[in-house]
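This report describes selected local features of one protein structure. The sequence and the coordinates are shown below.

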Amino acid sequence: MFLSLILFCLFWAGLHFYVVSRLLSIPFIAHHVPARLLIPAVILLGASYIVSRVLEHYSIDGLSHVLEIVGAYWVGAFFLLFSTFFALDLCTCFGLWFRSELPALRTVALVLALLMTIAALVQARRSPALTEYEVFLDGLPREADGTVLVVASDMHLGALLGHGWASERAAQFESLRPDLLLLVGDIFEGDETTYPSWLPVLQQFRATYGVYVVTGNHEFYAGGTKIIDLFRRAGFHVLRDESIEPIAGLVLTGVDDVAFRGRAAHTAILETVLRQRPAGASVLLSHTPLETLRAASAGVGLMLSGHTHEGQIWPFTYLVKLVFPIMSGRYPVQDMTAIVCRGTGTWGPRMRLFKRSELLRITVRAKS
């Protein structure tokens, strides 16, 4: 663990060295921003998020929260800087081509990164977009035809997305008139000391037949037991490797995220839970979009996931796609429909580039 941390810090420092070297090659910065100021500023910004985690571990909460916010926004802006400079270096063979134009081109790359940073900040402050689907389910009784599922994932409530933002989401949920409100993991970001204050906010989340939630990887990282207890005190139904029938003939199955036990154990538990579920139209809630073929083969009609954020900030979209081919939107998997929410909130910096956060409104229909 310690070796991994050292290697990560070296890698992170190397990325910052690369970005600083490119910044100092831009004439305006070289002439107006002394290196003796730029380099310490970048070091402080680059270290802020890591230091915030250390301070949080030692319960130095006030300073850790400030550094967490500063560090989160720096991570987003930094990777846009790095990506634009690196893309330019690839196009110029790392400065071997277009040497005379290189200072101007790097100036353009810097301006482009700043514009994308501003766009990402603005985009993330817009209300989540609503995406609507209609899904036909085998075994759904006529009486349950037209049931409305409102789905949110990856809200990451905490230092950046606080009580006010969550209350706005509660009002947005209510306006969609959900029969069932489904929260598909990563509802909280961290900081166990703030959990008790969230109870009255979470109690604003309501639906006709109840609120149902499964854990995500961040519930595990932040201390699953306390969060799960908070969910239950708020009146949520926490589905931990179990099934429930909130409406006659409609079966919800929820599993803990793979982070709670590892991939092999997750697969075995998922198979057992699906084998033991009651008969009826089957909806599976699983935070990470894994084991879709296994779920489809077990007769699940609809699988709901999140986790990917659809990359959230360019160029992470392409990296996430390498890990999760089912990344965002609707996918047919054998006779099952898989839908991945790209996230109702944001992780890390409150930034989104090109696509807003989203909520899902799914109307389930009985097959004729």
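The text that follows covers a strand and its neighbours, a pocket, two backbone angles and a set of salt bridges.

The model is predicted, and local features are reported only where pLDDT is at least 70.

**Strand E3 and its neighbours**

Strand E3 spans residues 180–184, and five of its five residues are buried, so the strand is largely enclosed by the rest of the structure. In a regular strand, side chains alternate between the two faces of the sheet. In E3, Leu180, Leu182 and Val184 point one way, while Leu181 and Leu183 point the other way. Both sets are buried.

E3 has pairing partners in strand E2 and in strand E4. Strand E2 (residues 147–152) runs parallel to E3 and is joined to it by four bridges. Within this pairing, Val150 of the chain stands opposite Leu181 in E3. The connection from E2 to E3 passes through helix H6 (residues 163–175), giving a β-α-β crossover that is right-handed. The pairing of E3 with strand E4 (residues 211–214) is also parallel and has four bridges. Here Leu183 has Val213 in E4 as its bridge partner. Leu181 and Leu183, which point the same way from E3, thus appear in the two pairings: Leu181 opposite Val150, and Leu183 with Val213.

**The second largest pocket**

What is the volume of the second largest pocket? The value is about 240 Å³. Helix H1 (2–24) and helix H3 (35–57) each supply at least two residues of its lining. H1 gives the largest share, seven residues. The lining consists of Cys9, Trp12, Ala13, His16, Phe17, Val20, Ser21, Ile39, Val42, Ile43, Gly46 and Ala47. Sorted by class, nine of the lining residues are nonpolar and three are polar, and none is charged.

**Positive phi outside glycine**

Two loop residues have a positive phi without being glycine. Cys93 has a phi of about 55° and sits in the loop between helix H4 (61–91) and helix H5 (102–124). Its relative accessibility is 30%, so Cys93 counts as partly exposed. His307 has a phi near 80° and belongs to the loop between strand E9 (302–305) and helix H11 (316–323). With a relative accessible area of 21%, His307 is partly exposed; the value lies just above the cut-off, since buried means under 20%.

**Salt bridges**

How many salt bridges does the structure hold? There are 15. Three of them are listed here with their N to O distances.

| Residue | Partner | N to O distance |
|---|---|---|
| Glu134 | Arg365 | 3.0 Å |
| Asp256 | Arg240 | 2.8 Å |
| Lys355 | Glu310 | 3.0 Å |

Glu134 and Arg365 form a salt bridge with their closest N and O atoms 3.0 Å apart. Glu134 lies in strand E1 (residues 129–137) and Arg365 in strand E12 (residues 358–366), so this pair ties together parts that are 231 residues apart in sequence. Glu134 is partly exposed at 37% relative accessibility, and Arg365 is partly exposed at 26%.

The salt bridge between the side chains of Asp256 and Arg240 has an N to O distance of 2.8 Å. Asp256 is in the loop between strand E7 (250–254) and helix H9 (263–276), whereas Arg240 is in the loop between strand E5 (237–238) and strand E6 (242–247), 16 residues apart. Is Asp256 buried or exposed? Asp256 is buried, with a relative accessible area of 5%. Arg240, at 31% relative accessibility, is partly exposed.

Lys355 and Glu310 meet through their side chains at 3.0 Å, N to O. Lys355 is in the loop between strand E11 (336–340) and E12, and Glu310 is in the loop between E9 and H11, with the two positions 45 residues apart in the numbering of the chain. That loop between E9 and H11 also holds His307. Lys355 is partly exposed at 42% relative accessibility, whereas Glu310 counts as buried at 14%.

Some salt bridges share partners: Arg263, Glu271, Glu291 and Arg294 are joined in this way into one network.

Key: Residues numbered from 1 in each chain as written. Heavy atoms only, no water. Buried < 20%, exposed > 50% of the residue type's maximum accessible area, 1.4 Å probe, protein only. Pairing = 2+ DSSP bridges. Right-handed = clockwise from strand over helix to strand, strands pointing away. 1 Å grid on protein atoms, 1.4 Å probe; cavity = no way out; pocket = protein on both sides within 12 Å on 5 of 7 lines; lining within 4 Å. Points joined across faces, edges and corners; volume = space filled by probe spheres on them. Nonpolar A, V, L, I, M, F, W, Y, C, P; charged D, E, K, R; others polar. Salt bridge = Lys/Arg side-chain N within 4 Å of Asp/Glu carboxyl O.
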